[in-house]
Amino acid sequence: MQLKRAMIAAGDARFVDHEGFDWEGIELALDRNYRKGRIVAGGSTISQQLAKNLFLSTERSYWRKAEEALITVMLEAILDKRRILELYLNVVEWGNGVFGCEAAARHYFSVSASSLDAVQAARLAAMAPNPRYYERHPDARGLSRKISIVLARMPSAELP
């Protein structure tokens, strides 16, 4: 499925290799945030995002991050990577009231998720970090650049 490859390419290139946390990605995000003087990057893996989406609020706090880490460890212990990715794709938000890959594919492209082509999948993956904004601004300048980056990374994205 193109969307699986696109989501891994967009935000968690080491998904199949890590055990819930991409320490290098977290370090890069912390460094980038420090240089910008504000939070501009998160470094969360698909496993961490699934933990947050399933069980936690969107509140930003150290306590919520600690809860997310604990849940991530538990998810990684009981589920294989294929199941984690499958669950994530079925709960992630892609717009106001648009949850899951099937709803997103139908909402934006009038096709099933399994019928998405590479460009459509890359667009959805590029939208995932800020779906409500990109739903309202489908021609946002940065979105087309992100889509190109995801497309370029997709061939090397390793699927579980």
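Q: Buried means under 20% relative accessible area, exposed over 50%, and partly exposed in between (1.4 Å probe, protein chains only). What makes Arg132 partly exposed?
A: The relative accessible area of Arg132 is 40%. That value lies between the two cut-offs, so Arg132 counts as partly exposed. This is a predicted model: local features need pLDDT of at least 70, side-chain atom pairs count only at pLDDT 80 or more, and totals for chains, interfaces and linings use all residues. Residues are numbered from 1 along each chain as its sequence is written, and side-chain values use heavy atoms, with hydrogens and water left out.

Q: How do you know that Arg132 and Glu93 meet in a salt bridge?
A: A salt bridge needs a side-chain nitrogen of Lys or Arg within 4 Å of a carboxyl oxygen of Asp or Glu. For Arg132 and Glu93 the N to O distance is 2.7 Å. Arg132 lies in helix H8 (residues 131-136) and Glu93 in strand S1 (residues 93-95), so the pair ties together parts that are 39 residues apart in sequence. Helices (H or I, at least four residues) and strands (E, at least two) are DSSP runs, numbered from the N terminus.

Q: Why are Glu68 and Arg64 separated by about one helical turn?
A: Both sit in helix H4 (residues 62-78), 4 residues apart. Their closest N and O atoms are 2.4 Å apart, and the two form a salt bridge. Glu68 and Arg64 are both buried.

Q: What makes Arg35 exposed and Asp31 partly exposed?
A: Arg35 has a relative accessible area of 60%, which puts Arg35 in the exposed class. Asp31 has 38%, so Asp31 is partly exposed. The two side chains meet in a salt bridge, N to O 3.1 Å. Both residues lie in helix H2 (residues 23-36), 4 residues apart, about one turn of the helix.

Q: How many salt bridges does the structure hold, and which residues are linked in a network of them?
A: The structure holds 9 salt bridges. Arg14, Asp22 and Glu24 are linked in a network.

Q: Why is H3 called roughly perpendicular to H4?
A: Helix H3 (residues 46-55) packs on H4 at an angle of about 110 degrees, with the axes 8 Å apart. That angle makes H3 roughly perpendicular to H4. The classes are these: under 35 degrees is roughly parallel, over 145 roughly antiparallel, 65 to 115 roughly perpendicular, and the rest oblique. Axes are lines fitted to C-alpha atoms, for helices over the stretch in contact, and angles run from 0 to 180 degrees between N-to-C directions.

Q: Which residues of H3 and H4 meet?
A: From H3 come Ser47, Gln48, Leu50, Ala51, Lys52 and Phe55. They meet Arg64, Lys65, Glu68, Ile71, Thr72, Leu75 and Glu76 in H4. The contact of H3 with H4 has 5 nonpolar, 3 polar and 5 charged residues. Contact means heavy atoms within 4.5 Å.

Q: What makes H1 and H7 oblique to each other?
A: The axes of helix H1 (residues 2-11) and H7 cross at roughly 45 degrees and come within 8 Å. H1 and H7 are therefore oblique to each other. Their crossing is right-handed; the term applies if the near helix is turned clockwise from the far one by less than a right angle, and left-handed if anticlockwise. Gln2, Leu3, Ala6, Met7 and Ala10 in H1 meet Ala118, Ala121, Ala122, Leu124 and Ala125 in H7. This contact of H1 with H7 divides into 9 nonpolar, 1 polar and no charged residues. Ala, Val, Leu, Ile, Met, Phe, Trp, Tyr, Cys and Pro count as nonpolar, Asp, Glu, Lys and Arg as charged, and the others, Gly among them, as polar.

Q: Why is H6 called roughly perpendicular to H7?
A: Helix H6 (residues 101-109) and helix H7 (residues 118-127) have axes that cross at roughly 110 degrees and come within 11 Å. That crossing makes H6 roughly perpendicular to H7. Ala104, Ala105, Tyr108 and Phe109 in H6 meet Gln120, Arg123, Leu124 and Met127 in H7. By class, H6 with H7 gives 6 nonpolar, 1 polar and 1 charged residues.

Q: How do you know that Gln120 is buried?
A: Its relative accessible area is 18%, so Gln120 is buried. Gln120 sits in helix H7. Neighbours within four places in sequence aside, Gln120 is in contact with Phe109, Val111 and Ser115.

Q: What makes Ser110 and Ser114 count as exposed?
A: Ser110 has 64% relative accessibility, so Ser110 is exposed. Ser114 has 61%, so Ser114 is exposed. Ser110 lies in the loop between H6 and H7, and Ser114 lies in the loop between H6 and H7. Phi of Ser110 is near 55 degrees, a positive value in a residue other than glycine. Most residues other than glycine have a negative phi.
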